[in-house]
Amino acid sequence: MVAQEFSVDLNKALVFQVGHLGEAYEEWVHQPIVSKEGPRFFENEVLEFLTRTVWWAIPVIWLPVVCWFVSMSVQMGHTLQDMALLVVSGIFVWTLLEYSLHRFLFHIKTKSYWGNTLHYLLHGCHHKHPMDGLRLVFPPAATAILLFPFWNLVKVLATPSTAPALFGGGLLGYVIYDCTHYYLHHGQPRSDVPKGLKKYHLNHHFRIQDKGFGITSSFWDRVFGTLPPSKVDEKSI
């Protein structure tokens, strides 16, 4: 007797449904529903609230934190020139982290119940509902939790006086990334560079989803050979 394939009910909370898709999850999650109305994730109102974030909350919450960390290095005697170099270095390191997370974690293939469920929460929901404006940026509560291990890692790798500025630069890189990501989905760029970046990212969503993992630039895609073909399907964008 052949088991009946599981069907997701889009009118109900999705998170605890998608795990039942098993091996069919990979195909399902990469068939996007292009609507600005996001789905419901949880029946629980508190959990549902925590999954929704307006884009401007990211700079409002994290830019003061960036300034505080950078000021710590200033207070330890570093010059403005030192600060600029450290912050830019932190941003550069973030771009590699951005690429690596997107390629190796966000696009990991899953088929178990909890694997599918966690992947959907982490990134699958974004590919299924790419225009969901309240789930395009990372929830601040989750970011705050992740900052602790990253801060401890930077403290191990850098000196006591340079670690705060490097960490602040990395956090600034994250803010730039999340705001850029939102803009690429909902902004209407008029100049060539942002237009090209928007086309590049939407190409990843709607045409070749195993290429083009950079968000703020295509630099690491070029370095690691994951640059998609230059021809872009205009109809899908």
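## Briefing: S218, helix 8 and the cores

S218 touches Y200 and L227, once you set aside residues up to four places away in sequence. Keep in mind that this is a predicted model. From that loop residue we'll move on to helix 8, which gives the most to the largest nonpolar core.

**S218 and its loop**

- You'll find S218 in the loop between helix 9 (192-206) and helix 10 (219-224).
- Is S218 buried or exposed? S218 counts as buried because its relative accessible area is 15%, and the cut-off for buried is under 20%.

**The nonpolar cores**

- The largest nonpolar core holds 26 residues, and those with the most contacts inside it are I58, W62, F167, L171, Y174, V175 and Y177.
- At least two residues of this core come from each of helix 4 (57-75), helix 5 (80-105), helix 7 (140-157) and helix 8 (163-186).
- Helix 8 tops the list of contributors to this core, with nine residues.
- Another core, of 12 residues, lies apart from this one, and V15, V29, F41 and F42 are among its members.
- As general background, nonpolar side chains tend to be buried together in soluble globular proteins.
- Back in the largest core, what does I58 contact beyond its neighbours within four places in sequence? The partners of I58 are T53, L63, V137, F138, Y174, V175 and D178.

**Helix 8 on its own**

- Helix 8 runs for 24 residues and spans 35 Å from its first C-alpha to its last, close to the 34 Å expected at 1.5 Å a residue.
- Most of helix 8 is covered, with 18 of its 24 residues buried.

**Helix 8 against helix 5**

- Helix 5 and helix 8 pack with their axes 7 Å apart, at an angle of about 50°.
- Helix 5 is therefore oblique to helix 8.
- Their crossing is right-handed.
- On the helix 5 side, the residues that meet helix 8 are M83, L86, V87, S89, G90, I91, W94 and E98.
- Helix 8 answers with A165, L166, G169, G170, L172, G173, Y174, I176 and Y177.

**Helix 8 against helix 9**

- How do helix 8 and helix 9 cross? Their axes come within 9 Å and cross at roughly 85°.
- So helix 8 sits roughly perpendicular to helix 9.
- Helix 8 brings T180, H181, Y183, L184, H185 and H186 to this meeting.
- The helix 9 residues they meet are P194, L197, K198, H201, L202 and H205.

Definitions and conventions
Residues numbered from 1 in each chain as written. Predicted model: local features only at pLDDT ≥ 70, side-chain atom pairs only at ≥ 80, totals over all residues. Heavy atoms only, no water. Core = buried A, V, L, I, M, F, W, Y, C linked by side-chain atoms within 4.5 Å. Buried < 20%, exposed > 50% of the residue type's maximum accessible area, 1.4 Å probe, protein only. Helix = DSSP H or I, 4+ residues; strand = E, 2+ residues; numbered from the N terminus. Contact = heavy atoms within 4.5 Å. Expected span 1.5 Å × (residues − 1). Axes fitted to C-alpha atoms, helices over the stretch in contact; angles between N-to-C directions. Parallel < 35°, antiparallel > 145°, perpendicular 65-115°, else oblique. Left-handed = near helix turned anticlockwise from the far one by under 90°.
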